[in-house]
Amino acid sequence: MAKLAVLTVLLALFGSVSCQSSYGGSPTPTPNTPPPSIPSPPSSPPAATGLRVGYYNDKCPGAEAIVRDAVRVADAGVKAGLIRLFFHDCFVRGCDASVLLKPTDGNPQPEMLGIPNLTLRGFEVIDAAKSALESRCPGIVSCADIVAFAARDASYYLFSTTSSGGIVDFKMPAGRYDGTASLASETLPNLPPPFATAQRLKDMFAAKGLDAVDMVALSGAHSVGRAHCSSFSDRLVAPSSTSSSNDTASAMDPAFAAKLKGECASSSSSTNTVAQDYRTPDALDNQYYVNVLSRKALFGSDAALLGSDDTARLVHAAAASQWMWQVKFAEAMVKMGGVEVKTAADGEIRKTCGFVNMP
């Protein structure tokens with residue numbers, strides 16, 4: 001009865017759940033399957049207008065498998081980068097592959113040169129998949145869809161490395177067109193900074209049609225990849241005696257801060273990186289939420305999740321149930337993939353992902 005009570009609380013915190021299978025397994029991840037008292041999730045969440053699962057089945061058979069093969073051979077760091085690439089793409093001008101556009105004489109400062117995007121990774125995976133797809137189906141598969149598929153596939157492979165043996169396994173609707181504009185100046189106003197407060201995070205996600213549940217679930221991507229020391233160096237200093245109670249409560253664990261300070265110390269510390277999750281650095285799992293609760297997460301924006309009652313409850317719920325978190329993560333990835341998608345009316349299918357098509 002006690003376990004059932006806990007699960008009931010988790011369901012109430014996270015709301016309804018939905019997840020789907022795309023790799024041939026059951027809709028519910030294993031072995032972290034819910035007990036019989038929890039209803040099985042619906043077969044699919046609502047897709048954004050114009051997007052649908054299996055979009056390329058008749059247009060370019062095997063398209064998703066080609067992307068999956070390109071992602072599979074990438075190392076864990078690049079796989080983590082592909083999830084971040086998707087996020088950074090969707091939060092600026094929507095999921096339109098605008099983050100992939102390279103500098104040109106006509107546009108010397110595209111998104112990829114914006115300060116938050118200078119450390120993005122995974123471009124070579126997208127280019128490899130696009131090249132293979134153009135050979136098979138010229139002018140059919142958008143770069144925006146490749147980015148979305150690659151993030152889904154990276155999630156699958158990174159989660160499958162967890163000790164639980166479970167998987168993040170979901171279908172990604174497609175049908176996005178590629179954008180033709182990209183401005184570095186739009187990155188800072190749209191991408192949440194590492195020092196954001198809980199309210200700022202909620203406001204920035206809400207501007208993209210994503211709620212607090214989506215925001216907390218997607219924050220779990222901080223369980224993989226590496227972070228530059230310069231992005232959290234301010235948190236390595238212990239709060240002063242005059243600091244507010246809020247600053248003290250959100251401060252990093254002193255012993256952990258000292259450890260990171262040693263790892264980051266060098267003559268060029270601004271280029272140093274550390275694992276975002278010190279416990280399971282290459283596994284996409286709910287360890288991140290345990291780290292947040294123990295004050296061993298890197299960014300101020302991570303600690304800020306405990307600064308608001310609603311997000312703090314969601315952190316506790318995600319830390320308590322890996323199954324619940326992975327379902328909500330999958331649902332949030334699909335939802336984010338529907339942000340401001342382009343259509344044939346305002347987009348194109350690029351021949352190469354780094355440049356818009358010539359007139």
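Which side chain meets that of Arg176 in a salt bridge? I looked this up at the start, in what is a predicted model. The partner is Asp145, with 2.7 Å between N and O. I then located both residues: Asp145 belongs to helix H5 (143–159), and Arg176 sits in the loop between helix H5 and helix H6 (187–190). They are 31 residues apart, and the pair links distant parts of the chain. I noted that Arg176 and Asp145 are buried.

**Entry: the chain as a whole**

I recorded 14 helices and two strands for the chain. The chain has 359 residues, of which 52% count as buried. I also looked up the contacts between residues at least 6 apart in sequence, and 79% of these join residues at least 24 apart. For the surface, I noted an exposed area of about 15,400 Å², with 56% of it supplied by carbon and sulfur atoms.

**Entry: further salt bridges**

I found 13 salt bridges in the structure. I next examined the one between Asp310 and Lys202, where the closest N and O atoms are 3.2 Å apart. Asp310 lies in helix H13 (residues 309–320) and Lys202 in helix H7 (residues 198–206), so this salt bridge ties together parts that are 108 residues apart in sequence. Is Lys202 buried or exposed? I entered Lys202 as buried, because its relative accessibility is 18% and the limit for buried is under 20%. Asp310, at 28% relative accessibility, counts as partly exposed.

I then turned to Lys328 and Glu331, which form a salt bridge with the closest N and O atoms 2.2 Å apart. Both residues are in helix H14 (residues 322–336); they are three residues apart, so about one helical turn separates them. I noted Lys328 as buried at 5% relative accessibility, and Glu331 as buried at 16%.

I also entered a network of salt bridges that links Glu64, Arg152 and Asp153.

**Entry: surface patches**

Which residues gather in a patch of negative charge on the surface? I listed Asp75, Glu124, Asp127 and Asp282. I followed up Asp75, which is placed in the loop between helix H2 (63–72) and helix H3 (76–90). Its relative accessible area is 44%, so I recorded Asp75 as partly exposed.

I looked for nonpolar residues on the surface as well. Leu113, Ile115, Leu118 and Leu188 form a nonpolar patch there, and together they have about 400 Å² of accessible area. Leu118 is in the loop between H3 and helix H4 (123–136). With a relative accessibility of 53%, Leu118 counts as exposed, because the limit for exposed is over 50%.

**Entry: backbone angles**

I checked phi next, because most residues other than glycine have a negative value. Ala97 is not a glycine, yet its phi is positive, at about 60°. I placed Ala97 in the loop between H3 and H4. Its relative accessible area is 0%, so Ala97 is buried.

Where is Arg295 placed? I found Arg295 in the loop between helix H11 (287–293) and helix H12 (300–303). Arg295 also has a positive phi, near 60°. I entered Arg295 as partly exposed, because its relative accessible area is 33%.

Definitions and conventions
Residues are numbered from 1 along each chain as its sequence is written. This is a predicted model: local features need pLDDT of at least 70, side-chain atom pairs count only at pLDDT 80 or more; totals for chains, interfaces and linings use all residues. Side-chain values use heavy atoms; hydrogens and water are left out. Patches are made of residues with over 30% relative accessible area and no salt bridge: like charges are joined within 9 Å, nonpolar side chains (Val, Leu, Ile, Met, Phe, Trp, Tyr) within 5 Å. Accessible areas come from the Shrake-Rupley method with a 1.4 Å probe; for residues, only the protein chains shown count as cover. A salt bridge is a side-chain nitrogen of Lys or Arg within 4 Å of a carboxyl oxygen of Asp or Glu. Lys and Arg count as positive and Asp and Glu as negative; His and the chain ends are not counted. The place of a charge is taken as NZ of Lys, CZ of Arg, CG of Asp or CD of Glu. Helices (H or I, at least four residues) and strands (E, at least two) are DSSP runs, numbered from the N terminus. Buried means under 20% relative accessible area, exposed over 50%, partly exposed in between (1.4 Å probe, protein chains only). Contact means heavy atoms within 4.5 Å.
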